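Trainee: Hi! I have this model open on my screen and would like to walk through it with you. Could we start with the empty spaces inside?

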Amino acid sequence: MAIGNTSSSSSSCCSRFWSSALRSKRLVSPAEKTARDNSGRGLSRRLGVFDLILLGIGASIGAGIFVVTGTVARDAGPGVTISFIIAGASCVINALCYAELASRFPAVVGGAYLYTYTAFNELTAFLVFSQLMLDYHIGAASIARSLANYIVSFLGIFPVFKDNIPAWIGHGQNIGGVLSINILAPILLMLLTLVLCLGVKESSAVNSFMTVTKVIIVIIVICAGAFEVDVSNWSPFVPNGMRSVFTGATVVFFAYVGFDAVANSAEESKKPQRDLPIGIIGSLLVCIALYIGVCLVITGMVPYNLLGEDAPLADAFKSKGLKFVSVLISIGAIAGLTTALLVGLYVQSRLYLGLGRDGLLPSIFAKVHPKRHTPLYSQIWVGCVASILAGLLNVKILSHILSVGTLTGYSVVSACVVVLRWKDRTNSQVSSAKRLEGIIFLITVALSGFAAGLLFHYQVSFIFVIAAIVVAIGASLALHFRQVYGDSVGFSCPGVPIVPSICIFFNMFLFGQLHREAWFRFVILSIVMVGVYATYGQYHADPSADENIIYHEAPVESPR
């Protein structure tokens, strides 16, 4: 009898778990529910299209534009320009997927988590959030330490500070392999957290000023360097073959990451359906243009094999006697890191806000300040977590496990575009069998991309890479011919399902290029978060709760 009761109880628990894990958030029309913009529990809509573009640029371009361009050029030569074009093209098609979903879900915060919750299920959405959030937490701490390092180095220009600032203030005082004391990084994080707590208007003003400053400096650097270009340095353009160019593309792909931050500002956008796609794609195109300009200048000024390792762009200008440009580069790097950190903290708080509203996290994360209209507790939480990591730990040792969340998020968002377009030939809902078949094809594309990346990483015969590509093409064609696709509300990603399938394949290809530690991190974190969901999330989450902000489909804005 006891054994029977235990078995029955275990079966009941499993049944409840899967029932909760597989539920999704329904996409309803404005006629059914109205967004509660005036309820006092929502955020304040203050961001225009220009603010959104600057938000995306601020998140994407940090100090890397002055460093990554040169370090990759040491291997790819002038062909680094092609690397940035390839990576930029890949990001553009990812951005098209984000733009469609941002247009379809303009009401509230959530980004990739919200899209996954609606297209797939609750557990998958929670896992996507956890992978993204670990990247954000570690990334914020790493950027804060880099910013502190740059500030201290910049102060070294002045004699009163040169060699007089202790390492534990800005550069970091290592204590063993893991601990590293840094006082300035947490202070910077707390200051930026304070700015974000004041309101989106104030934080947007800071981001706009710093981003415009950064862009102006990059343009000055490009123009000043253009007069020092020797076109003979561009020959041969691809000295080490196309393999180095493609390898470079996998590295510089992450230099564009950040445009997705715009999608998380949906609840604070004045006209989300119109402005979000413009902000996402517009910011990315500006970043591509700036990166290409810097690549052409740095490889034209100095032969690629003579570029420095730590500060290649600054060294190139010093070699031409333009030391003042090196000072500008330092200021640009500080401005770039500041905006990247500011936007990163902003995005984290909005994601916590979304999960707090849905009950997957404690309700304190869902509270919005009645006057400032900011998620105060979520903002303070992410600032404190980043401050602890930045102030006490040597986060550089964790760099190998970064980018997992970004690639996971991008891949799932691309899959969401495909899933949300499915419809039956006779009604608007696709059958369960057809849906399962489509998901299997999507998983096949993803696994083929990962296999191709793994084979390329370990330099296995290219025939096997081609075989993986052929399998992915077959699955993509099956998606195209075996499913029926409807139209999207607002902005539409072209070429569905082929374009999203290309995104998934390339993102998973990059996933296969990561260190083994990153793969272990993905598996271990997923297992841990399934446990968290099983013990807390499944009992508190309620997608249809009345107190939740309604995730509704955007009405089509009338032309003016």
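Mentor: Happy to. The lining of the largest cavity is made up of Leu47, Asp51, Leu55, Leu196, Val200, Ser203, Ser204, Asn207, Leu342, Val343 and Tyr346. Keep in mind that this is a predicted model.

Trainee: Okay! What volume does the largest cavity have?

Mentor: Its volume is about 100 Å³.

Trainee: And which helix gives the most to the lining of the largest cavity?

Mentor: That is α8, with four residues. At least two lining residues come from each of α2 (49–60), α8 (200–226) and α12 (323–358).

Trainee: How many residues of each class are in that lining of the largest cavity?

Mentor: Seven are nonpolar, three are polar and one is charged.

Trainee: How many cavities of 30 Å³ or more does the structure hold?

Mentor: There are two. The second largest cavity holds about 40 Å³ of space. Around it you can find Tyr98, Ala112, Leu132, Tyr136, Asp260, Asn264, Val347 and Leu351.

Trainee: Which helices supply at least two residues each there, in the second largest cavity?

Mentor: α6 and α12 do. By class, this lining has six nonpolar residues, one polar and one charged.

Trainee: Got it. Let's switch to pockets. What is the volume of the second largest pocket?

Mentor: About 790 Å³. It is lined by 23 residues, and those closest to its centre are Thr124, Thr408, Val412, Ile443 and Phe522.

Trainee: Which elements give two or more residues to that lining of the second largest pocket?

Mentor: They are α6 (122–155), α14 (404–421), α15 (432–457), α17 (498–513) and α18 (516–540). The biggest share comes from α15, which gives six residues.

Trainee: And how many nonpolar, polar and charged residues are in the lining of the second largest pocket?

Mentor: You would count 17 nonpolar and six polar residues, with no charged ones.

Trainee: Speaking of charges, how many salt bridges does a search of the whole structure find?

Mentor: Nine. One to look at is the pair of Arg521 and Asp135, whose closest N and O atoms are 2.7 Å apart. Arg521 sits in helix α18 and Asp135 in helix α6, so this salt bridge ties together parts that are 386 residues apart in sequence.

Trainee: Nice. Is Arg521 buried or exposed?

Mentor: Arg521 counts as buried, because its relative accessibility is 7% and the cut-off for buried is under 20%. Asp135 is buried too, at 9% relative accessibility.

Trainee: What touches Asp135 from elsewhere in the chain, besides Arg521?

Mentor: Thr406 is one of its contacts. Leaving out residues up to four places away in sequence, Thr406 touches Leu132, Asp135 and Val257. You will find Thr406 in helix α14, and it is buried, with a relative accessible area of 14%. Leu132 came up earlier, since it is among the residues that line the second largest cavity.

Trainee: Let's look at another salt bridge. Which residue does Arg482 pair with?

Mentor: Arg482 forms a salt bridge with Glu437, and their closest N and O atoms are 2.7 Å apart. This pair links distant parts of the chain, with Arg482 in helix α16 (residues 462–482) and Glu437 in helix α15, 45 residues apart.

Trainee: Which other residue does Glu437 meet in a salt bridge?

Mentor: Lys434, at 4.0 Å from N to O. Both of these residues lie in helix α15, three residues apart, and that is about one turn of the helix. Taken together, Lys434, Glu437 and Arg482 are linked in a network of salt bridges.

Trainee: Where does that network stand on accessibility?

Mentor: Lys434 counts as partly exposed at 27% relative accessibility. Arg482 is also partly exposed, with a relative accessible area of 43%.

Trainee: Last topic: which residues does the UniProt domain annotation cover?

Mentor: An unreviewed UniProt entry carries the annotation "domain: Cationic amino acid transporter C-terminal" for residues 491–540.

Trainee: How much of that stretch, residues 491–540, is helix?

Mentor: The chain there is 82% helix and 0% strand. The C-alpha atoms at its two ends are 34 Å apart.

Trainee: Thanks, I'll go and find those on my screen!

Definitions and conventions:
Residues are numbered from 1 along each chain as its sequence is written. This is a predicted model: local features need pLDDT of at least 70, side-chain atom pairs count only at pLDDT 80 or more; totals for chains, interfaces and linings use all residues. Side-chain values use heavy atoms; hydrogens and water are left out. UniProt positions are given in the numbering used here, feature names are shortened, and annotations may be inferred rather than shown by experiment. On a 1 Å grid over the protein atoms alone, a cavity is a set of points where a 1.4 Å probe fits but cannot get out, and a pocket is an open set with protein on both sides within 12 Å along at least five of seven lines; lining residues have an atom within 4 Å of a point. Grid points are joined across faces, edges and corners, and a volume is the space filled by probe spheres set on the points. Ala, Val, Leu, Ile, Met, Phe, Trp, Tyr, Cys and Pro count as nonpolar, Asp, Glu, Lys and Arg as charged, and the others, Gly among them, as polar. A salt bridge is a side-chain nitrogen of Lys or Arg within 4 Å of a carboxyl oxygen of Asp or Glu. Buried means under 20% relative accessible area, exposed over 50%, partly exposed in between (1.4 Å probe, protein chains only). Contact means heavy atoms within 4.5 Å.
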